Each structure stands twice: as structure tokens, then as C-alpha cells.
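Biologist: Could you please take a close look at the nonpolar interior of this protein and describe how it is put together? I would be grateful for an account that a first-year student can follow.

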Amino acid sequence: MMLKDKVAVVTGAGGGIGREIAIAMAEAGAKVVINDIGASLGGEGFSASPAEQTKAIIEQKGGQAVINTDSVSEWDNAKKIIQTAIDAFGKIDIVVNNAGILRDQIFHRMTPEEWLSVINVHLNGTFFMSRAAAEHFRKQESGSFVHITSTSGLIGNFGQANYSAAKLGIVALSKSIALDMKRYNVRSNCLAPFAWSRMTSSIPAETPEQKARVERIMRMGPEKNAPLAVFLASDAAKEVTGQIFAPRMHELFLFSQNRPIRSVHSEPGWTPEKIAEIALPAFRSSFVPMERSGDVFSWDPV
């Protein structure tokens, strides 16, 4: 019961990773607000059914939960979602920013609408939800944010410029929240999940290599990500903030964050020609390779 007497909001909790996190938090003692608009993977359509299914599972296990079906992509809605927790349970302790959609497209074909729709849900939604909870966290001098990022942003991927940019933006937002709200004992961390869910079901599986990659991912159920989310939300992680973690099957990873890795110095300064002659050769061996998540995590999940 690591979350006993806590109140959590989990966005996108109608299925997949969000559902498993909501269920695990309820099993750990939290009262849960299940936020989900019930849309398709691309963000179309609305239904309360997915959230109702999550609520039924939680209640069958003896937990407490309420439903909110507002979209995180609008500021007024985010305030309503947080207010749902206050109205139902009297407070808010945990926000899990999990809601998301996909509009995958090769960059030179990506439309402004495909870009904005993904940014609005993932990045703007994470800001809106976090900002709406921040005043409550500040006043009570406690609170935990768990933001869902992705290796598509941390490492890279094809056809996901919108998603990758949003997910890496969430990392920077999380770090800023951690720095700005540390004085109020508010923590902010990122979790990069590995799981087979709606968000990964669109991965191409045409070539033998792609099929092998998808087969590896399919072995990892969304529930594998829930224990880390529960831990990060709990008082056991009271000293953990500003970090990036990833659960992969039975592995846990702590990610590095951007730091200088190589430097060169020229006493009289630099010209473009000197950079080409001196700096480029010195830096070349330290350039980050053009890899995707599947290239870096090339071994089977264990």
C-alpha cells in the first residue's frame, strides 16, 4: 500500500499503459481519477466506455475511482480534470501525464494539422495538467508528477517528428518543473515505457527486420511499466526528481541527460575555416550516431 491515502490523476487511463498504471495505483492504495476521452489512436471519436472499463476493474479489486472525459489538450479542461480529484476525494497528490495520440508521417509530408494535433495532446497537455495541479501541490508542499516520454524522442525514430519533438519537450518540461518546484517538495520525473499497446501497434512490420522488432515488443505487456510509475509517485521516491527512467520487460534503465562530451580551444578564436580544419576532426569521433530506439535496444527483452 505504497500510495495509501494518496489521490492520483492518470490521463489516457482508458487502456494500455495508462489503464495498467491506474489499476496498479489503486491496488497500492490510491484513489484514482481515470481521465480518458475514449478516442481512436489518431484522436478521432469520443466514448466513455474505455474509462468505464478501467473503473470497473479497479472497483472489482476493491479500489476507488471516478471518471473524467475531458481532453488534456485545452487549459480549461485540464483545470476541470484536476478539480474532479478535488471534488471527489478532497485533494490531489499525483499526476500521471500519459494521454497521447499518434499522427505518424515522414517529415517532408507531415501537415501542420498532424504536427499541431500531436503537440497539443502530448506537450501542451502535459503542461496544462501539470500547471493545473501545481497550485495545489505548492500549497500543500507535496506532490509527484510522472510524465510519459518515449525513446522516439530520447533516441530517435522514423516518421515521428511530431511525436518525438513532443516527447523530448516533455523531458525538458519535467526538468524545469523539478527545478522550479523543489522548494515545495514537489517531484517531477519521466518514464519512457516499453510495451505493446495501441501506441506501438502502428509500427511497420513488413520487412523481416521490422517483423522481428515487433515480435520483441509484443512480448512486453503494458503492465510491466506500472510498478515504476507507482514507485515514482510514492514517498519511497521522495529524493528522486528530474530523472528519466525506462522499464523494459524485467529491466530498468536510468537515462543520461545532455552534457558536453568534447571540447576544443583556439586562443585567437575561430574562423569557419579553422572549425573545418581543427574542430571537425576533433569532434567527429564523438558524434552521436544516427540510431533509432530499436538500434540501441537491439537485444531481446529479458
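Modeller: The following account turns to the nonpolar core and then to two points in the backbone. The model is a predicted one. Its largest nonpolar core has 33 residues. Within this core, the residues with the most contacts are Leu3, Val10, Ile21, Met25, Val32 and Ile58. Two or more residues come from each of these elements: the strands β1, β2 (31-35), β4 (94-97) and β5, and the helices α1 (16-27), α2 (49-60) and α8 (226-233). The helix α1 gives the most, with seven residues.

Val32 may serve as an example of the packing. Leaving aside residues up to four places away in sequence, Val32 touches Ala8, Val10, Ala22, Met25, Ala26, Ile58, Gln64, Ala65, Val66 and Phe89. A second core, separate from the one described above, has 28 residues. Among its members are Val72, Val95, Phe128 and Ile177.

Two residues deserve attention for their backbone angles. Most residues other than glycine have a negative phi. Asp5, although not a glycine, has a positive phi of about 70 degrees. Asp5 lies in the segment before β1 (7-11), and its relative accessibility of 46% makes it partly exposed. Glu141 is likewise not a glycine, and its phi is positive at about 55 degrees. Glu141 is found in the loop between α4 (112-140) and β5 (143-148). With a relative accessible area of 45%, Glu141 counts as partly exposed.

Definitions and conventions: Residues numbered from 1 in each chain as written. Predicted model: local features only at pLDDT ≥ 70, side-chain atom pairs only at ≥ 80, totals over all residues. Heavy atoms only, no water. Helix = DSSP H or I, 4+ residues; strand = E, 2+ residues; numbered from the N terminus. Buried < 20%, exposed > 50% of the residue type's maximum accessible area, 1.4 Å probe, protein only. Core = buried A, V, L, I, M, F, W, Y, C linked by side-chain atoms within 4.5 Å. Contact = heavy atoms within 4.5 Å.
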